[in-house]
Amino acid sequence: MSQQEGILHTIQEIEGQPDLWLDTCRTIQSNGQISGFLNRVIREGRLNIVLTGAGTSAYIGEVTEHLFHSARPGVTARAIPTTTLVTHFREYVDVTEPLLLVSFARSGNSPESVAAVETAEAFCSQLSHIAVTCNESGELAELVNNLPNGLAVVLPPASEDQGLAMTGSFTSMTLAAILLSRMIADAGMGADDMEKISGSARSLIEAATPLMKSLADKSFNRIVFLGSGPRLGIARESHLKVQELTDGEVIGKFDSFLGFRHGPKAVVNRETVVVFLFSADPNVFRYEKDLADEILREGSALETVGLFPRPALAEEVKPGVTLVAGGGISEGYDGADESFGLLSSVIPAQLLGFYKSLKLGLNPDSPSRNNAISRVVKGVTIYPV
């Protein structure tokens, strides 16, 4: 296989996300089992939700935790990776409370995905499962579907990325999580809204592609992504995308805007790109602007990139590269609308990682030259609880 043939999956999966989101929305909304299952689970009026996954799949919980936590009175939510649940389940989960374990997994074949479900079954007496996965024949989907208290929500086949780095699988599962949280909150979602969100992402891809391609040509070996609240999870996923796709030639870091001053800022030098993932919340944006202005004044980074949720905010900060990645529903701030802006916020990192991978002479579909990382994790031994 030539390198050109080998790169097709990753770039097609990045560029295909807007259409994939439309398919994902239709899949979720047409699945009559989900609302019935959720109604049964929350009928007692009190529920602890744990959002879990490994690696990128764990970051979905970090990005959407706040949506579940505020969805309905009596519902609490927390994002805890499967890699923590397998080793420290009872230290992090109250096993005496009713629990809904929501598992996210691209293939569903990672050892920790199955082990987290089995561990929960061993320790919890009031337990339900939802598995959001891209692979209907994966071990996780089959396990959860065979449990009397479980439901597997399988996303469209295109969501199961064939490249090593999760791109469309991450955003489609994140969208599924957003829609599940809205179901719990009894909040609807119109087809026109999803079309606007998808259209906004297409515009971002068109605008970001030449900018990220140009940025990839610059000489940098560090990149820092900064985000607040749920965008901290996006920052974490973004740093991993660039690091994975460049086989670690570019070291990624992530932090919150306010946290960055407390030591991590020392990493910035003339071989560093700093990416600001700005919030649409005007109260949050004030703090982010202060930190961004400080870094721009210092001139310590090789390049800075600002990803703004609305064009008006881009007039207030002037990084070297400016992009707008709104949710596409409204121009004013709306907390519910902003959740959809999270989907697009990872796209510049995906594109930059892809083009930097090519610049380094790697195959983005399989960038790990020594196979240190693989599409499905290997080498994990699961011990009995």
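Which residue in S10 is the bridge partner of Val305? Before selecting anything, note that this is a predicted model, in which local features need pLDDT of at least 70 and side-chain atom pairs count only at pLDDT 80 or more, while totals for chains, interfaces and linings use all residues. Residues are numbered from 1 along each chain as its sequence is written, and side-chain values use heavy atoms, with hydrogens and water left out.

Select strand S9, residues 303-308; strands (E, at least two residues) and helices (H or I, at least four) are DSSP runs numbered from the N terminus. Six of its six residues are buried, that is, under 20% relative accessible area with a 1.4 Å probe and protein chains only. Glu303, Val305 and Leu307 lie on one side, and Thr304, Gly306 and Phe308 on the other.

Add strand S10, residues 321-324, which pairs with S9 in the parallel sense over four bridges, pairing being assigned if DSSP finds at least two bridges between two strands. The partner of Val305 there is Val321.

Now add strand S8, residues 272-277, which runs parallel to S9 and is joined to it by five bridges; here Val275 stands opposite Val305. From S8 the chain crosses through helix H13, residues 282-298, to S9 in a right-handed β-α-β crossover, meaning that the path over the helix runs clockwise with the strands pointing away from the viewer.

Finally, select helix H5, residues 56-69. Ten of its 14 residues are buried, so H5 is largely enclosed by the rest of the structure; among them are Tyr59, Ile60, Leu67 and Phe68.

Technical notes
The expected span of a helix is 1.5 Å times one less than its number of residues. Buried means under 20% relative accessible area, exposed over 50%, partly exposed in between (1.4 Å probe, protein chains only).
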